[in-house]
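Grab a coffee and work through these exercises with the model open beside you. Try each task yourself before reading the solution.

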Amino acid sequence: NSTQNKLKTVITGESSNVTSDASFHSVSFSETDHPKVLITGGLGQLGVGLAKLLRKRFGKNNVILSDIRKPSSNVYHSGPFIYSDILDYKNLREIVVNNRITWLVHYSALLSAVGEANVALARSVNITGLHNILDIAAEHGLRLFVPSTIGAFGPTSPRNPTPDLCVQRPRTIYGVSKVHAELMGEYYHHRYGLDFRCLRYPGIISADSQPGGGTTDYAVQIFHDAIKTGKFECNLKPDTRLPMMYIDDCLRATLEVMEAPADTLSMRTYNINAMSFTPEELAQELQKQMPELEVTYDVDHVRQAIADSWPMNFDDSNARKDWGWKHDYDLPELVQTMLNYFGAETRMARAN
C-alpha cells in the first residue's frame, strides 16, 4: 500500500514536498529528489564549468566531480570531489552505489592531438574506460551522457554541412573511439534500455582553462598569446574552417539534452553548432579590438591533416527541432566575452 501511495504522490503531486517549478520540463521534486550526478574526467576543460551549472540547478551536494588528478583548492572547496579512475571498474561501481548516483556525465578522454601521440593509452582510456561506464550505467539504471565530437567524422564525410547521419570514417584514434562510443551507447539503449544521450561537440572555446591538446585549441591559445605578448603563431592554415562554440553554450546544451523528456528525442546522438570560422577570420575579429596583434602561421602537419578531415560546418537542425537547441554566442560576442575575461584578469593581476 505504501508503494501505491508513493506512486500516487509521483503521479498526482499530492504531497507536501512537491513544488512546481515552471522552468523544469516535468514536475520538480524537493532537493532530495534531484538527480545525483557524477562527472568523470571532471578537471578537464568542461567538467568544472558543468559542475557549477548543475550545482546551481540541483544543489551543491548533488553533483560530484571526479578525476585522477589533484584538484585546485578552489575546485576542492566548491563542492564534492572524489578520486575516480574509470579503468578501475570496482572503484567506479562503489562510487555509483555509495552515492546513489542517477546521472553520469562521462568526460574522461584523451583528445585528438594527444591521442595520436599515445595511441595505446587513448585506446585504453577512450574505449576500455567507456565499456566500464556503459556496464555500470546499464546495471544501475543511470541516465548517461557521453560527449562526441566533430572528430567522429572523417575525410569521406560530407563536410559543409555535416548532417547527423552520414558516413563516419575518422582517421584518429580519438575519432574512432568516439564513433565506437556513439554506436555502443545506442546499442545499449536498444538492447538494455539504457538512457544514453550524446552530443557531438564542435571545438569548445573557454577563457578559464588551458588548451588541452585538441586540434581546435588554437582558438583558445590565440587569446592567451594576444594578451601576454601581442603575437600569435597559429599551427593551422589561415583558411581552415571548423565549427566552434563558446563554453557557456556547450554546457547549457548538455544540461538541456539531459533534461529533455525521452519521448522528444528522435535520436540518441545529436550534432550541436553555434558558429564556424577560420583562424584568419578569428584573427581579424580580434584585431578590431587589438590592432597591434601580429599573427603568423607555422603549420603543424599532424594537426592540419586532422582538421582537413573534419566538418567545416555542422547541421544541427534535429537538435533545434527535437529539444529546442539555440546558441547565444556568435563570433563577435565570443571575442568580446574572451577579451572581457582576460582584461579583468589582467587588471586584477596588476592590482595585486
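## Exercise 1: Holes and hollows

Two helices, helix 6 (119–139) and helix 7 (173–192), each give at least two residues to the lining of the largest cavity. Keep in mind that this is a predicted model.

**Task.** Work out which helix gives the largest share of that lining, and how much space the cavity holds.

**Solution.**
- Start with the count: the structure has one cavity of 30 Å³ or more.
- Next, its volume: about 50 Å³ of space lies in the largest cavity.
- List the wall: His106, Ser108, Ala109, Asn126, Leu130, Val146, Ser177, Lys178 and Ala181 line the largest cavity.
- Now assign residues to elements: helix 7 supplies three residues, the largest share of the lining.

**Task.** Do the same for the largest pocket: what is its volume, and which residues lie nearest its centre?

**Solution.**
- The largest pocket holds about 960 Å³ of space.
- Its lining has 40 residues, and Gly44, Gln45, Tyr107, Ala109 and Leu111 lie nearest the centre.
- Strand 6 (148–149), helix 7 and strand 8 (203–205) are the elements that give two or more residues to this lining.
- Cross-check the two lists: Ala109 turns up in the cavity lining and also among the residues nearest the pocket centre.

## Exercise 2: Into the core

**Task.** Find out which helix gives the largest share of the largest nonpolar core, then say whether that helix is mostly covered or mostly uncovered.

**Solution.**
- The largest nonpolar core has 70 residues, and Ile39, Phe277 and Trp323 have the most contacts inside it.
- Helix 9 (residues 247–259) gives this core its largest share, seven residues.
- Check burial, taking under 20% relative accessible area as the cut-off: ten of the 13 residues of helix 9 are buried, so the helix is mostly covered.
- Among the buried ones are Ala253 and Val257.
- Trp323 touches both of these, along with Leu199, Glu256, Ala260, Leu265, Tyr270 and Ile272, leaving out residues up to four places away in sequence.
- Finally, check the geometry: helix 9 reaches 18 Å from its first C-alpha to its last, close to the 18 Å expected at 1.5 Å a residue.

## Exercise 3: Odd backbone spots

**Task.** Where does Arg100 sit, and what is its phi?

**Solution.**
- Here's the background: most residues other than glycine have a negative phi, and most peptide bonds are trans.
- The phi of Arg100 is near 50°, a positive value in a residue other than glycine.
- Arg100 sits in the loop between helix 4 (89–98) and strand 4 (103–106).
- Arg100 is exposed, with a relative accessible area of 67%.
- For a glycine with positive phi, look just after helix 8, where Gly230 has a phi near 75°.

**Task.** Which two residues does a cis peptide bond join?

**Solution.**
- The bond between Asn160 and Pro161 is cis, with omega about 0°.
- Pro161 belongs to the loop between strand 6 and helix 7.

## Exercise 4: How far to trust it

**Task.** Over which residues does pLDDT stay under 50?

**Solution.**
- Take the overall picture first: the chain has a mean pLDDT of 90, and 89% of its residues reach 70 or more.
- Then look for the weak stretch: pLDDT stays under 50 over residues 2–31.
- Where pLDDT is low, don't read the predicted coordinates in detail.
- That goes for the 28 contacts beyond four places in sequence that the model has for residues 2–31.

Key: Residues numbered from 1 in each chain as written. Predicted model: local features only at pLDDT ≥ 70, side-chain atom pairs only at ≥ 80, totals over all residues. Heavy atoms only, no water. Core = buried A, V, L, I, M, F, W, Y, C linked by side-chain atoms within 4.5 Å. Buried < 20%, exposed > 50% of the residue type's maximum accessible area, 1.4 Å probe, protein only. Helix = DSSP H or I, 4+ residues; strand = E, 2+ residues; numbered from the N terminus. Contact = heavy atoms within 4.5 Å. pLDDT = per-residue confidence, 0-100. Expected span 1.5 Å × (residues − 1). 1 Å grid on protein atoms, 1.4 Å probe; cavity = no way out; pocket = protein on both sides within 12 Å on 5 of 7 lines; lining within 4 Å. Points joined across faces, edges and corners; volume = space filled by probe spheres on them.
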